[in-house]
Amino acid sequence: MTNGLSRAAFSTSPRERKSLHHGKSAVVTCLPSGPGYVNDASTEDLPQFTIKSQRLQVAEGSDVRIPCSVDRKYDKPMIIKKEKNDYNDDLLLFAGGVKLVDDRYKMEDGEMVITDVLRADAGAYLCYYQDKEDLKLRHFVEVQYPPTVHSITPLIQKVSKGSSVTLECTAEGNPMPKIRWSREGGVLPSGEASEEGLSMTLEGVDRHVEGSYSCTADNGVGEPKSVTMEIVVEYPPEIFTEKEIVRTGENDRVELVCIVHARPSAEVVWTKDGARVPRENRAEEHLGGHRHLLTLDPVTKEDFGLYQCRAKNPLGEAIKDISVTDEPNTPNFTSNPNSAYENSYTITWTTESYYPITQYRLMYRKAQADDTQDLMAAEWTDLTQAAESVQTQGIRRSLQHTITDLQPATDYEAAVQVKNEHQWGPMAKFNFSTRKEVMSLQTKTSSGCTMASSGALLLAVVALHFSV
């Protein structure tokens, strides 16, 4: 007979429940009666098992209690054995209370207790009496254990830019673990934080997919387990510049910067007008990871020209141009193209120049129907003059000019260029329009009176109609 605790733990009314033993848990599932599960005694003088066949889920390392209690004493010895499976033969555990195995097994109140459960303890357990075919009880123990994970593909894969690469791993555990992929320090190339599956294939790889990827297995038992794999992409040099045009002047100090990405690492050289920049105190190369600098200090007239940042590795070569000049740049217009006035327009623009702006050329004309680009045509009005009231912020210069004697409601085009102490910069075109002419107050008043008179006449006619 079992005590009160055992009866409560193995009551047959719920289909599935958890039973706590020594601070650890097992999931118990009652199985239906029938062949292979429970053979109820058909003779009244035989005892009855007090519980139906069960499936017990237990975590590796914990304890499991296998109930074999009957409702009354019986003079025959009960035998408990683990049944034969694909890995082991039948194993007798107890015969009439006599233990036939190691100390992990013991009997307590009609229950066989297995402590520190091993994976090998999984299987079917049979409680029975010798030569009593109608008095058998079979239980099934399922041992759950944490996942393990292993990489199938190499831990480090080197691939060429544009090719595809597959990461694959395998996991073991009970229940069967789910595998999720993630990327250390960021999202996956797909944009997702993680993806599920045994493998992950990346197509058309580039340097942006380089990094470490984790395959994590989790089945809810113990802690998830991970294995990390690395992708290394080999590719020809890629160059990016901070500025394609550097505006400077004599005695200034400037840094030409190019950002170089390449694998294997690239050799980087600087050239000017086709020849390698000589290494001297004024021109120095600085290496800082991907950032390559050429410092000119102080700048001289001979430093103006076209520089090239050239990067080369076994897979290819890349070149980026950087122009060093004292020329002012193309004007950038900041004014609204629609004038608030009928006969004038204030055009504003900014430019960049190391040297102060001394002069500007402003030409304008009515917009041409054929959109001609001929800036030398006679119909242009030229307003070239000295630059005054120039607002300066670093090398940024802001200018404005008000054009007068324009016609109302007319489209115009303008062309502007600026000159510093040394030379003219490139010219830029801009389109604007004047405001439509406003009707005179007299016309408005006259029109308003006419409308008022007409309205009064209409009201009089309506009143006469209803009075008749």
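Which strand holds Val98? Val98 lies in strand β8, which covers residues 98-99. The model shown here is predicted. Val98 is partly exposed, because its relative accessible area is 48% and the partly exposed class runs between 20% and 50%. Val98 also belongs to a nonpolar patch on the surface. Its partners there are Leu92 and Leu100. Together the three residues offer about 260 Å² of accessible area.

Now turn to the sheets. Strands of a sheet pair through backbone hydrogen bonds, either parallel or antiparallel. One open sheet has 3 strands, in the order β5-β10-β9, and its pairing is antiparallel. β5 (64-67) and β9 (105-108) stand at the edges. Each has a single partner strand, so one side of each is left without a neighbour in the sheet. Neighbouring strands of this sheet are turned by 30° against each other on average, direction ignored. Look at β9 and β10 in detail. β10 spans residues 111-114, and 4 bridges join it to β9. Within this pairing, Lys106 has Val113 in β10 as its bridge partner.

A second open sheet has 4 strands. Their order is β28-β29-β34-β33, again with antiparallel pairing. Here the edges are β28 (332-333) and β33 (391-393). Each of these has a single partner strand, so one side of each lacks a neighbour in the sheet. Strand β29 takes in residues 345-352, and strand β34 residues 396-403. The two run antiparallel and are joined by 8 bridges. Tyr345 has its bridge partner in β34, namely Ile403.

Strand β22 comes next. It covers residues 267-272, and 5 of these 6 residues are buried. β22 is therefore largely enclosed by the rest of the structure. It runs antiparallel to strand β26 (residues 305-313), with 6 bridges between them. Lys272 stands opposite Tyr307 in β26. β22 also runs antiparallel to strand β23 (residues 275-276), joined by 2 bridges. In that pairing, Thr271 faces Arg276 of β23. β22 and β23 form a hairpin with 2 residues between the strands. Asp273 in this hairpin takes a positive phi near 50°.

How many disulfides are there? The count comes to 3. One joins Cys68 and Cys127, with sulfur atoms 1.7 Å apart. This pair links distant parts of the chain, 59 residues apart. Cys68 sits in the loop between β5 and β6 (78-82), while Cys127 is in strand β11 (residues 123-129). Both Cys68 and Cys127 are buried.

Another disulfide joins Cys169 to Cys215, with an S to S distance of 1.8 Å. The torsion about its S-S bond is about 55°, so the disulfide is right-handed. Cys169 lies in strand β14 (residues 165-174) and Cys215 in strand β18 (residues 211-218), 46 residues apart. Both Cys169 and Cys215 are buried.

Cys258 and Cys309 also form a disulfide, and their sulfur atoms are 2.0 Å apart. With 45° about the S-S bond, this link of Cys258 and Cys309 is right-handed. Cys258 lies in strand β21 (residues 254-263) and Cys309 in strand β26, so the pair ties together parts that are 51 residues apart in sequence. Cys258 is buried, with a relative accessible area of 0%. Cys309 is buried as well, at 0%.

How are the bonded cysteines paired in sequence order? The pattern for the protein chain is 1-2, 3-4, 5-6.

Conventions. Residues are numbered from 1 along each chain as its sequence is written. This is a predicted model: local features need pLDDT of at least 70, side-chain atom pairs count only at pLDDT 80 or more; totals for chains, interfaces and linings use all residues. Side-chain values use heavy atoms; hydrogens and water are left out. Patches are made of residues with over 30% relative accessible area and no salt bridge: like charges are joined within 9 Å, nonpolar side chains (Val, Leu, Ile, Met, Phe, Trp, Tyr) within 5 Å. Accessible areas come from the Shrake-Rupley method with a 1.4 Å probe; for residues, only the protein chains shown count as cover. A salt bridge is a side-chain nitrogen of Lys or Arg within 4 Å of a carboxyl oxygen of Asp or Glu. Buried means under 20% relative accessible area, exposed over 50%, partly exposed in between (1.4 Å probe, protein chains only). Two strands pair if DSSP finds at least two bridges between them. Axes are lines fitted to C-alpha atoms, for helices over the stretch in contact, and angles run from 0 to 180 degrees between N-to-C directions. A disulfide is a pair of cysteine sulfur atoms within 2.5 Å.
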